[in-house]
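Student: I am new to this structure and would like a close look at a single part. Please take me through the surface patch around one tyrosine, then show me how other local features compare in setting.

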Amino acid sequence: MRKIKRYRSILYSAVLSALLAGSVSAAPKKDPTNPLLLQKSIVAVKIQEAPVIDGSLNDEVWRSADVASDFVQYSPYNGRPSKYRTEVRVLYDNKAIYVSAMMYDPSPDSIYRELGERDSDYSLNADQFTIDISPYNDGVNGATFKVSASGVQSDKPPRISSDMRHFDDTWDAVWESSTAIVEKGWIAEIKIPYSALRFPKDDLQTWGINFWREVRRNREQSSWNYVDREIGASFNHLGEIKQIRNIEPPLRLSLTPYLSGYINHESGQAGTDFSYNGGLDLKYGINESFTLDATLVPDFGQVQSDDKVLNLSPYEVRYNEKRPFFMEGTELFNKAGVFYSRRIGSTPQAYYDVYDEAGSTEDVVYNPSESSLINATKISGRTRSGLGIGVFNAMTNAMYATIEDIETGESRRVMTDPFTNYNMVVLDQSLRNNSYVSLLNTNVTRNAPNDENFYNANVTGTEFMLRDKSRQYSVSGKAVVSQKYYNERANDYGHSFELRGGKTGGAFRAEYRLEASSPTYDHNDMGYMRRNNEFENNFSLSYNTYQPFWKILNARTSLSYRHSMLYKPMVFTGSEIGLSANVTFINHLTAFLRAEFKPWGEDDYYEPRAEDENRFYHRGKQFMTFAWLSSDRSKKLSANMRMGYTRTWSSYDQHAYSLSFGPDLKINDRLSVNYEIEIRKLINDIGYVSDDDVTGDIYFGLRENTTFENKVSTAYIFNSDSYISLRLRHYWSRADYLDRYFTLDADGSLTDTDLDDNFDYNYNAWNIDLKYTWRFAPGSEMSLVWKNSIYSGSEQIYYDFLDNINDMFSAGMGNSISLKILYYLDWMYFQKRS
């Protein structure tokens, strides 16, 4: 009980503190004449002999370099001098840029040095050193390289998108680093080859650059060039490295061939399947600024399993992309939100139609659930004038299902997906003040000119962002047109647009947003769209506190209002008022609270799933609240907790709640364990169950939907290049209908009716992903993976956990063991051999 009261008092304090933040003078205003806050620069030194990357600063060549020092705090006290002395030096030659950092620390034995997987920088409990580098020096485009005191590398790719909202943390460049903890602190030495960068071809160049340091034990983050938290992103605040002369970079060409083998077994299967694959990834620098990436006969069988769920909504579940090629360097293709790479190699378009086509004496004996990917290619880069160009192409094989006559044994093939070509072209022009304007086009061409089941799709759009010189005010928007070309019926055309404007920088912010899409707008063939036919007006106010005061490290409070209508007919569907507060305390406890109220309820035109677009279901007024607490993640034991409650006013006493708790235990610098349990319950929920094609009646049901989800993840890190990870997930959700059904009336209300069908559903998803990774050479790795999976669903509802588990394990289980080896071959390697 004391714990509950304690958490409640913390939430009350968080909300009160955030609301008062606007009236508190957190810190004196920054002096623009302070030399610490002015843009800094150093002069580059070209060398003939490269330093040895060994974590020491013994090479004499380092003494010739300029020193970047006098770091400024980013957090907690933005603009103050760092408490810790840091000295950074930069050298370069025709192959790479070299960076050394001496990070002084009066207590070197207190430096955090947890080991982790590559790119685990956000969760890693270790001191870290970071380089932001922008060869174009435009405040937008650049790459990030980070190394921890324990030697763990993280990186983000060369940005070629002017939209700083899109970034990629899955890119793995090939670069060298070495670290060492010494008597006076710790050292980082880094070599970044030009193959990992994109830059203009000029004899004399000035690059944008910044260096960051994080001291984990007190959470101080500081940078060489001052970064104002109130304005823009970090790449808007780079210093400069000057006098880079006559770079003669080598040919940027690399091949990464792979071999993989699989042993698969399904429960009830007579034997075990063996398979093997081979292919390669290719990267070619067309010039200093443009790169071609291609994957030929790819194999993504080792990616982490999807977190599948029971979907009772009218909307498609969006799953995250986990295939490396489609995650790396694709930020330019995220323009206007019309690209969803999971469409490529997804479920064939006519996959489910096959079961309807099979006759009464026929059975579907073979029907692949994923289209086979042949290859995929990306070309991207940016010209000297700031024009970003991206071209994407992927091809999938024609897919066929086999239907067999159970009486005669004869079989026939039915095409579920034709040979398909996916294309996207993006043009993105950088403008002043980190503004941009973009043009884009996606096209899906299916090779089935005489088949009425398939069509071609085309989407064309534009997106822009215009900021003023202070970068505190902006106007942005997008406009997109979709087209579908059918073989034997009229084509479909649709459109959508969005307009935003307001004060989007500084402590106080205010923004207006208008979003609209026509009933026929659809970019789902190569993108993800939850729904169309919308016309929404949104207005939000927020206040951000960046300087610590009292017991608050930083805070954000926001108030929003949303007014929703259909685009056609232009009718009101609902409105929502939202209030939220997010507070981080000095002890690094973070609290978030959000409340939403729909005073007039909601007219839902999607839940009926009717061909008649005028049918809707009316929900009563609704109140929702959500709270989240997270303790200091740098401690050996930390935890987060989420709580939610929803009340819907109706004659059915509808409410819902959710609760999750996730402790995280760092046993030592090599071993960590994370557990999360979540419970969600919808009481007297009402939703669609079926419809009658003859009468046109739409039926709804009263149900209780209860979901339990357990996740365990652990990792043991042998060293920064060798680690083993385990992830186990069990998801159990049941939709228990309470034998009360309704017909949907024309005014959105419900009338009781009788239905004899059983709509109960009990669903389980069980996954184990065990993976060992060994990076045995730069860019090369071996991975051994075991996957265990169960997906079961039935109309038999279970209320007892053990009864449900027993039933789940009686269903079919899949096991897969795979070994994959990929080897990185750089052109420089062949050049040296020759």
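Tutor: Start with Tyr561, which is found in strand E30. Keep in mind that this is a predicted model. Is Tyr561 buried or exposed? Neither label fits, because its relative accessible area is 34% and the partly exposed class runs between the 20% and 50% limits. So Tyr561 is partly exposed.

Now look around it. Tyr561 belongs to a nonpolar surface patch of about 930 Å². Its partners there are Phe508, Tyr512, Phe539, Leu541, Leu559, Phe572, Ile577, Leu579 and Trp600. Why can Tyr561 be in such a patch? Patch residues need over 30% relative accessible area, and Tyr561 has 34%, so that condition is met.

Which elements build the patch? Four strands give two or more residues each: E28 (508-517), E29 (534-545), E30 (552-565) and E31 (572-585). The largest share comes from E31, with three residues.

Next, follow the chain through the loops that join these strands. The loop between E29 and E30 holds Trp550. Its phi is near 45°, a positive value in a residue other than glycine. Trp550 is exposed, because its relative accessible area is 58% and the exposed class begins over 50%. Then comes the loop between E30 and E31, where Pro569 lies. The peptide bond from Lys568 to Pro569 is cis, with omega near -5°.

Both backbone features can be found elsewhere too. Take the cis bond. The peptide bond from Ser75 to Pro76 is cis, with omega near 5°. Pro76 sits in the loop between strand E4 (72-75) and strand E5 (86-92). Now take the positive phi. Val297 is not a glycine, yet its phi is positive, about 50°. It is in the loop between strand E17 (290-296) and helix H2 (324-327). Val297 has a relative accessible area of 48%, so it is partly exposed.

For a loop residue that is covered, go to Ala149. It is placed in the loop between strand E8 (143-148) and strand E9 (153-156). Ala149 counts as buried because its relative accessibility is 7%, and buried means under 20%. Ala149 and Gly748 are 599 residues apart in sequence. In space they are 61 Å apart, C-alpha to C-alpha.

Turn now to a patch of another kind. Asp754, Asp756, Asp757 and Glu795 gather on the surface as a patch of negative charge. Where is Glu795? It is in the loop between strand E43 (780-794) and helix H4 (801-809). With a relative accessible area of 48%, Glu795 is partly exposed.

That loop leads to H4. Which residues of H4 are buried? They are Asn804, Ile805 and Met808. These residues lie on the same side of H4, because they cover an arc of only 100° around the axis. The face turned away from that buried side carries Leu802 and Asn806, which are exposed.

Go back to Tyr561 to finish. It is in strand E30, partly exposed at 34%, and one of the residues that make the nonpolar patch. Trp550 lies in the loop between E29 and E30, and Pro569 in the loop between E30 and E31.

Methods. Residues are numbered from 1 along each chain as its sequence is written. This is a predicted model: local features need pLDDT of at least 70, side-chain atom pairs count only at pLDDT 80 or more; totals for chains, interfaces and linings use all residues. Side-chain values use heavy atoms; hydrogens and water are left out. Patches are made of residues with over 30% relative accessible area and no salt bridge: like charges are joined within 9 Å, nonpolar side chains (Val, Leu, Ile, Met, Phe, Trp, Tyr) within 5 Å. Accessible areas come from the Shrake-Rupley method with a 1.4 Å probe; for residues, only the protein chains shown count as cover. A salt bridge is a side-chain nitrogen of Lys or Arg within 4 Å of a carboxyl oxygen of Asp or Glu. Lys and Arg count as positive and Asp and Glu as negative; His and the chain ends are not counted. The place of a charge is taken as NZ of Lys, CZ of Arg, CG of Asp or CD of Glu. Buried means under 20% relative accessible area, exposed over 50%, partly exposed in between (1.4 Å probe, protein chains only). The arc is that of the directions from the helix axis to the C-beta atoms.
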